[in-house]
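Please go through this model from its surface to its helix packing. The sequence and coordinates come just below.

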Amino acid sequence: MSMKRTNVYADPEDLAIIKEAAARRGISEAEIIRQGIHLAAMANRVWDEPLFSRTFSGPGRTPSKEAVRDTVADAAQRECESETPS
């Protein structure tokens, strides 16, 4: 992977924490900073497609806790019954 050099200003306390973490983890300070830049880039990325772009058939409302619990319990019971030897 090709990398590009850049300069940034950082708080001295943050740099001290990075220095300690790098020593503790046995990696370079630059690697921790690259990880932080990647996390910031991904957190601010604008995606071409919405996360929930597909539509699903359903009642058009959020199910209640009881409905979710009952549906999960029914599915778990069916799975247990299918694993029980006849």
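How much area does the protein expose, and what percentage of it do carbon and sulfur atoms supply? In this predicted model, the exposed area is about 8700 Å², and carbon and sulfur atoms account for 56% of that area. Burial can be read alongside this: of the 86 residues in the protein, 5% are buried, where buried means under 20% relative accessible area.

The secondary structure consists of 3 helices and 0 strands. Along the sequence, the order is α-α-α.

Consider next how α1 and α2 meet. Helix α1 covers residues 12–25 and helix α2 covers residues 29–43. Their axes approach to within 8 Å, with a crossing angle of roughly 110°. Angles of 65 to 115 degrees count as roughly perpendicular, and α1 and α2 are therefore roughly perpendicular to each other. The handedness of the α1 and α2 crossing is right-handed.

On the α1 side, the contact is made by Ile18, Lys19, Ala21, Ala22 and Arg25. Helix α2 contributes Glu29, Ile32, Ile33 and Gln35. By character, the residues of this contact between α1 and α2 comprise 5 nonpolar, 1 polar and 3 charged.

Technical notes:
Residues are numbered from 1 along each chain as its sequence is written. This is a predicted model: local features need pLDDT of at least 70, side-chain atom pairs count only at pLDDT 80 or more; totals for chains, interfaces and linings use all residues. Side-chain values use heavy atoms; hydrogens and water are left out. Axes are lines fitted to C-alpha atoms, for helices over the stretch in contact, and angles run from 0 to 180 degrees between N-to-C directions. Helices (H or I, at least four residues) and strands (E, at least two) are DSSP runs, numbered from the N terminus. Angles under 35 degrees count as roughly parallel, over 145 as roughly antiparallel, 65 to 115 as roughly perpendicular and the rest as oblique. A crossing is left-handed if the near helix is turned anticlockwise from the far one by less than a right angle, and right-handed if clockwise. Contact means heavy atoms within 4.5 Å. Ala, Val, Leu, Ile, Met, Phe, Trp, Tyr, Cys and Pro count as nonpolar, Asp, Glu, Lys and Arg as charged, and the others, Gly among them, as polar. Buried means under 20% relative accessible area, exposed over 50%, partly exposed in between (1.4 Å probe, protein chains only). Accessible areas come from the Shrake-Rupley method with a 1.4 Å probe; for residues, only the protein chains shown count as cover.
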